[in-house]
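Trainee: I would like to learn how to read a structure feature by feature. Where do we begin?

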Amino acid sequence: MIIDAHGHFVPSALLDALNGQKRLFPNVKVSSDKAGTRLSFAGQEPTRPVSPGLYDLEKRKTWLTAQKIDKQVVGDNAPCALNSSKFF
């Protein structure tokens with residue numbers, strides 16, 4: 001059995017909350033362009049696009065199967081976004 005011991009996950013609900021409830025996350029900006037969804041924190045430049053495999057479980061499963069990975073240990077990718085006022 002092959003186990004990937006370091007995977008990240010960004011729930012699409014988190015991206016929706018960051019974009020739809022801006023008053024709760026004043027230091028996080030969500031933007032989209034043809035390359036994908038990007039995040040910027042505290043007025044900094046946007047990050048590279050969020051990989052679809054981080055939030056789309058079907059794409060993640062397809063990738064894991066193609067890589068012959070049986071299981072994956074997953075952690076969150078943006079803990080500071082849950083309460084951004086404590087971090088900025």
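**Reading the features**

Mentor: Begin with one contact: the side chains of K61 and E58 form a salt bridge, at 3.6 Å from N to O. Keep in mind that this is a predicted model.

Trainee: Why can K61 and E58 be partners, given where they sit in helix α2?

Mentor: The general idea comes first. An α-helix has 3.6 residues a turn, so residues three or four places apart point the same way. In this case, K61 and E58 are three residues apart in helix α2 (residues 57-66), which means that about one helical turn separates them.

Trainee: Are E58 and K61 buried, partly exposed or exposed?

Mentor: Exposed means over 50% relative accessible area, and partly exposed lies between that and the 20% limit for buried. E58 has 53%, so E58 is exposed. K61 has 46%, so K61 counts as partly exposed.

Trainee: What else is found at the start of α2?

Mentor: A side-chain oxygen of D56 comes to within 3.0 Å of the backbone nitrogen of E58 there. E58 thus appears in two contacts: this one with D56, and the salt bridge with K61. After α2 comes K68, with a positive phi near 60 degrees.

Trainee: How many salt bridges does the whole structure hold?

Mentor: Two, from a search of the whole structure. Apart from the K61 and E58 bridge, there is one between the side chains of D33 and R38, at 2.8 Å from N to O. D33 is partly exposed, with a relative accessible area of 39%.

Trainee: Which residue stands opposite D33 in β3?

Mentor: G36 does. To read such a pair, look at the two strands together. Strand β2 (residues 28-33) and strand β3 (residues 36-41) pair in the antiparallel sense, over six bridges. Two residues form the hairpin connection from β2 to β3. V30 stands opposite L39 in β3.

Trainee: Where do V30 and L39 belong in the nonpolar core?

Mentor: Both are in the largest nonpolar core, which has 12 residues. Its other members include V10, F25, V28, F41, V50 and L54. At least two residues of this core come from each of α1 (12-20), β2 and β3. The largest share, four residues, is supplied by α1.

Trainee: How much of the chain is buried?

Mentor: Of the 88 residues in the chain, 25% are buried.

Trainee: Which nonpolar residues form a patch on the surface?

Mentor: M1, I3 and V73 do, with about 350 Å² of accessible area together. A patch takes residues with over 30% relative accessible area. V73 has 47%, so V73 is partly exposed and can take part. V73 lies in strand β4 (residues 71-76).

Trainee: What is the order of helices and strands along the sequence?

Mentor: The pattern is β-α-β-β-α-β, with two helices and four strands in the chain. To place the features within it, put the paired strands β2 and β3 in the middle of your reading, then the salt bridge of K61 and E58 in helix α2.

Terms used:
Residues are numbered from 1 along each chain as its sequence is written. This is a predicted model: local features need pLDDT of at least 70, side-chain atom pairs count only at pLDDT 80 or more; totals for chains, interfaces and linings use all residues. Side-chain values use heavy atoms; hydrogens and water are left out. Patches are made of residues with over 30% relative accessible area and no salt bridge: like charges are joined within 9 Å, nonpolar side chains (Val, Leu, Ile, Met, Phe, Trp, Tyr) within 5 Å. Accessible areas come from the Shrake-Rupley method with a 1.4 Å probe; for residues, only the protein chains shown count as cover. A salt bridge is a side-chain nitrogen of Lys or Arg within 4 Å of a carboxyl oxygen of Asp or Glu. Buried means under 20% relative accessible area, exposed over 50%, partly exposed in between (1.4 Å probe, protein chains only). Two strands pair if DSSP finds at least two bridges between them. A nonpolar core is a set of buried Ala, Val, Leu, Ile, Met, Phe, Trp, Tyr and Cys residues joined through side-chain atoms within 4.5 Å. A polar contact is a pair of N or O atoms within 3.5 Å; within protein, one must be able to donate a hydrogen and the other to accept it, and residues adjacent in sequence count only if both atoms are side-chain atoms.
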